Amino acid sequence: MEKMKSILLPKPNPQQQMRDWQRRLRQECRNIERQIRDVQREEKGVQKAIREAAKRNDMGSAKALAKEIVQSRRAVNRLHENKAQMNSISMHLGESVAIARTVGHLSKSAEVMKLVNNLMKAPQMAATMQEFSKEMTKAGVIEEMVNDAVDNALDSEDLEEETEEEVDKVLTEIAGETAAQLPEAARKEKIQQPLRAKDSAHEEEAIAEGADEEEELEEIRARLARVRS
C-alpha cells in the first residue's frame, strides 16, 4: 500500500525541492544561532567563577574553568563555520534553480558536494547532513560519497600546546594580575596546606569547602557540555 502511495504521489519539481532544502537549511542556521547564544550566556557565568577562584588563590579551579572557556570558544567558532557553509550551500542551490528551469532537472554541483561532505564530519551536523546527502544524491545534485573521517592523532600534541597558551590568555583576560601570579599563588597554596592541617576544625572546614568547589566546578562543566553538544 505504501509503495502504491509513493507511486501515485507526484515527484516534487526541482524548484520545489530546492526551496524545501533552503527552508530546512535556514532552520538549521537558526538552531546554530540559538546554540551560540546559549554557549556565550554560560560563558559569562564561567568568567565570574574564574574571577572568584582567582581571588581565593584557587588557581587550579580557575585554570580548569579557563580551559572550558577555550573549548567553548572553539565550539562557537566551529558553529559559525557550520552556519557559513550551510548558507553557502543554500546560495549554490539557489543558483542551480536557474539552471534547472532551463534543462528541466537538477545538475550536479561539486561545490555543494564538498560543503555537504565537510558538514557531515561535524558531530552536531552529521545526522542532518547525511539525510541531505541521501536526498541530494537521489535528486542528482551530488554523487554518492563516503564520509572519510580525518585522523588528527598526529596533531594532538601541537593542539595541547596551543590549548595551554589559550588557557593562559583567557586567565589573563579574565583574572588579570591574579592569573599572572599563578606559580606564586600555587606555591602559597602548598605552603598553607600543612598549616591548616594542624587545626582539625579548620581542616574539616577546608575539606568541606573544597568539596563544594569541586561540585560547583563539575556542575559548570556539565552545563557547558550540554550547550556545546
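**Exercise 1. Placing Q85**

In which helix does Q85 lie? Find the helix, then decide whether Q85 is buried or exposed, and list what Q85 touches.

*Solution.* Keep in mind as you work that this is a predicted model.
- Step 1: Look for the helix that covers residues 59-103; this is α3, and Q85 lies in it.
- Step 2: Turn to accessibility. The relative accessibility of Q85 is 17%, and the cut-off for buried is under 20%, so Q85 counts as buried.
- Step 3: Set aside residues up to four places away in sequence, and look at what else Q85 touches: L115, N118 and L119.

**Exercise 2. The chain as a whole**

Describe the chain by its helices and strands, its buried share and its contacts.

*Solution.*
- Step 1: Count the elements. The chain has 9 helices and 0 strands.
- Step 2: Write them in sequence order, which gives the pattern α-α-α-α-α-α-α-α-α.
- Step 3: Consider burial. The chain has 229 residues, and 35% of them count as buried.
- Step 4: Take the contacts with a separation of 6 or more; 81% of these join residues 24 or more positions apart.
- Step 5: Finish with the surface. The chain has an accessible surface of about 14,800 Å², and carbon and sulfur atoms account for 51% of that.

**Exercise 3. From α2 into the loop**

What span should α2 have at 1.5 Å a residue, and which residue with a positive phi follows this helix?

*Solution.*
- Step 1: Helix α2 has 42 residues, so at 1.5 Å a residue it should span 62 Å.
- Step 2: Compare this with the model. The end C-alpha atoms of α2 are 62 Å apart, which agrees.
- Step 3: Move past the helix. N57 follows α2 and has a positive phi near 65°, although N57 is not a glycine.
- Step 4: Locate N57 in the loop between α2 (14-55) and α3.
- Step 5: Check its exposure. N57 has a relative accessible area of 27%, so this residue is partly exposed.

**Exercise 4. Two more residues of α3**

Compare A62 and E95: is each one buried or partly exposed, and what partner lies across space from each?

*Solution.*
- Step 1: Place them. A62 lies in helix α3, and E95 lies in helix α3 too.
- Step 2: Read the accessibilities. A62, at 0%, counts as buried, whereas E95, at 46%, counts as partly exposed.
- Step 3: Follow A62 across space. A62 and A49 are 13 residues apart in sequence, and their C-alpha atoms are 7.6 Å apart.
- Step 4: List the contacts of A62 beyond its neighbours within four places in sequence: I50, A53, A54 and L171.
- Step 5: Follow E95 in the same spirit. Its partner M18 is 77 residues away along the chain, with 10.0 Å between the two C-alpha atoms.

**Exercise 5. The two sides of α5**

Why can the buried residues of α5 be said to line one face of the helix? Work out the length of α5 on the way.

*Solution.*
- Step 1: Take the length. Helix α5 (residues 126-139) has 14 residues and reaches 20 Å from its first C-alpha to its last, close to the 20 Å expected at 1.5 Å a residue.
- Step 2: Pick out the buried residues of α5, which are A126, M129, F132, S133 and M136.
- Step 3: Look down the axis. The buried residues of α5 fall within an arc of 120°, so they line one face of the helix.
- Step 4: Turn to the face away from that buried side, which carries the exposed residues A127, K134 and K138.
- Step 5: Step off the end. G140 follows α5, with a positive phi near 85°.

**Exercise 6. A ring and a late helix**

Which residue lies over the face of F132, and how far apart are E218 and L65 in sequence and in space?

*Solution.*
- Step 1: Start at the ring. R24 lies over the face of F132, at 4.5 Å from the ring centre.
- Step 2: Go on to E218, which lies in helix α9 (residues 200-228).
- Step 3: Judge its exposure. With a relative accessible area of 38%, E218 is partly exposed.
- Step 4: Compare the separations. E218 and L65 are 153 residues apart in sequence, while their C-alpha atoms are 9.7 Å apart in space.

Notes
Residues are numbered from 1 along each chain as its sequence is written. This is a predicted model: local features need pLDDT of at least 70, side-chain atom pairs count only at pLDDT 80 or more; totals for chains, interfaces and linings use all residues. Side-chain values use heavy atoms; hydrogens and water are left out. A charge sits over a ring if NZ of Lys or CZ of Arg is within 6 Å of the ring centre and within 35 degrees of the ring normal. Helices (H or I, at least four residues) and strands (E, at least two) are DSSP runs, numbered from the N terminus. Buried means under 20% relative accessible area, exposed over 50%, partly exposed in between (1.4 Å probe, protein chains only). The expected span of a helix is 1.5 Å times one less than its number of residues. The arc is that of the directions from the helix axis to the C-beta atoms. Contact means heavy atoms within 4.5 Å. Accessible areas come from the Shrake-Rupley method with a 1.4 Å probe; for residues, only the protein chains shown count as cover.
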